Amino acid sequence: MAHVEPPAPTAPASTPVTPVQMLLLAVVFVAEVLGLVAVAWWSVSLGGVLGVVVAVVAVSVMAALWGRFAAPRAASRLKGTPLAAFMLAWFAVGGVCLAAVGHPWWGVVLVAGFAATKLALRATGYRGAAPPTSAPAPVQGEGPHVGQ
């Protein structure tokens, strides 16, 4: 008789994302990319090889920080006020970079647009992605053995 493991526990069902929330999440994603573009633009404006090196390093650091502390499925994602402060500071860096290349109002639009979009998401009832789940245990049982 085959030994069958009980099914792995499943994560609780999360609330489906509405079309409006999807649109707002897309706007947040575009803002994140624009924040990285702003940092790269400022870095390259330093000129020469130094500007390119600074761009690669600065964008890598910014992306790594976002991925570690603010990405929806990050294992060590901040929560609550620390997350909000981190996100505002992250976007402020992009805004300052835009101001440094001569576009201060675009910097203000980047930061304010991000904040307004996050507030709109909150107003729609969106509370973020479900926490990461671990992979289910492999199913063990008897079956055909390939190669035998």
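This is a short dialogue on reading a predicted model of a helical protein.

Visitor: Let's begin with the whole fold. How many helices and strands does the protein have?

Guide: A good opening step is to list the secondary structure and then read its order. This predicted model has four helices and zero strands. Along the sequence the pattern runs α-α-α-α.

Visitor: What share of the residues counts as buried?

Guide: Of the 148 residues, 22% are counted as buried. The surface can be read alongside that: the protein exposes about 10,100 Å², and carbon and sulfur atoms supply 73% of it.

Visitor: And what share of the contacts joins residues at least 24 apart in sequence?

Guide: Take the contacts between residues at least 6 apart in sequence; 57% of them join residues at least 24 apart.

Visitor: Now to pairs of helices. How are two packed helices described?

Guide: Two numbers do the job: the angle between the axes and the distance between them. Let's try α1 and α2. Helix α1 covers residues 19–44, and helix α2 covers residues 48–69. Their axes come within 7 Å and cross at roughly 155 degrees.

Visitor: Why are α1 and α2 called roughly antiparallel?

Guide: Angles over 145 degrees count as roughly antiparallel, and the α1 and α2 axes cross at roughly 155 degrees, so these helices earn that label. Their crossing is right-handed.

Visitor: Which residues of α1 and α2 meet?

Guide: From α1 come Glu32, Leu36, Val39, Ala40, Trp42, Ser43 and Val44, and they meet Gly51, Val54, Ala55, Ala58, Val59, Met62, Ala63 and Trp66 of α2. By type, the residues of this contact are 12 nonpolar, two polar and one charged.

Visitor: Ser43 is in that list. Is Ser43 buried or exposed?

Guide: Ser43 is buried, with a relative accessible area of 0%. Leaving out residues up to four places away in sequence, Ser43 touches Gly51, Val54, Ala55 and Ala58. Those four also appear among the α2 residues of the helix contact.

Visitor: Let's move on to α3 and α4. At what angle do their axes cross?

Guide: Helix α3 spans residues 80–100, and helix α4 spans residues 104–123. The axes come within 6 Å and cross at roughly 160 degrees, which makes α3 roughly antiparallel to α4. This crossing is right-handed.

Visitor: Which residues make the contact between α3 and α4?

Guide: On the α3 side they are Met87, Leu88, Phe91, Ala92, Gly94, Gly95, Leu98 and Ala99. On the α4 side they are Pro104, Trp106, Gly107, Leu110, Val111, Phe114, Ala115 and Lys118. They divide into 12 nonpolar, three polar and one charged.

Visitor: And how do α1 and α3 pack?

Guide: Here the angle is about 45 degrees, with the axes 8 Å apart, and α1 and α3 are therefore oblique to each other. The crossing of α1 past α3 is left-handed. The contact draws on Ala31, Glu32, Gly35, Leu36, Ala38, Val39, Trp41 and Trp42 of α1, and on Trp90, Phe91, Val93, Gly94, Cys97, Leu98 and Ala100 of α3. By type there are 12 nonpolar, two polar and one charged.

Visitor: Leu98 has come up twice. What is Leu98 in contact with?

Guide: Setting aside neighbours within four places in sequence, Leu98 contacts Ala38, Trp41, His103, Pro104, Trp106, Gly107 and Leu110. Leu98 lies in α3 and is buried, at 11% relative accessible area. Leu98 and Ala38 are 60 residues apart in sequence, yet 5.6 Å apart in space from C-alpha to C-alpha.

Visitor: Could we finish with two residues of α4? Is Thr117 buried or exposed?

Guide: Buried means under 20% relative accessible area, so Thr117, at 10%, counts as buried. Thr117 lies in α4 and touches Leu24, Val27 and Val28, not counting residues up to four places away in sequence.

Visitor: And is Leu119 buried or exposed?

Guide: Leu119 is also found in α4, but this residue is exposed, with a relative accessible area of 62%. Leu119 and Leu24 are 95 residues apart in sequence and 9.9 Å apart in space, C-alpha to C-alpha.

Notes. Residues are numbered from 1 along each chain as its sequence is written. This is a predicted model: local features need pLDDT of at least 70, side-chain atom pairs count only at pLDDT 80 or more; totals for chains, interfaces and linings use all residues. Side-chain values use heavy atoms; hydrogens and water are left out. Buried means under 20% relative accessible area, exposed over 50%, partly exposed in between (1.4 Å probe, protein chains only). Contact means heavy atoms within 4.5 Å. Accessible areas come from the Shrake-Rupley method with a 1.4 Å probe; for residues, only the protein chains shown count as cover. Axes are lines fitted to C-alpha atoms, for helices over the stretch in contact, and angles run from 0 to 180 degrees between N-to-C directions. Angles under 35 degrees count as roughly parallel, over 145 as roughly antiparallel, 65 to 115 as roughly perpendicular and the rest as oblique. A crossing is left-handed if the near helix is turned anticlockwise from the far one by less than a right angle, and right-handed if clockwise. Ala, Val, Leu, Ile, Met, Phe, Trp, Tyr, Cys and Pro count as nonpolar, Asp, Glu, Lys and Arg as charged, and the others, Gly among them, as polar.
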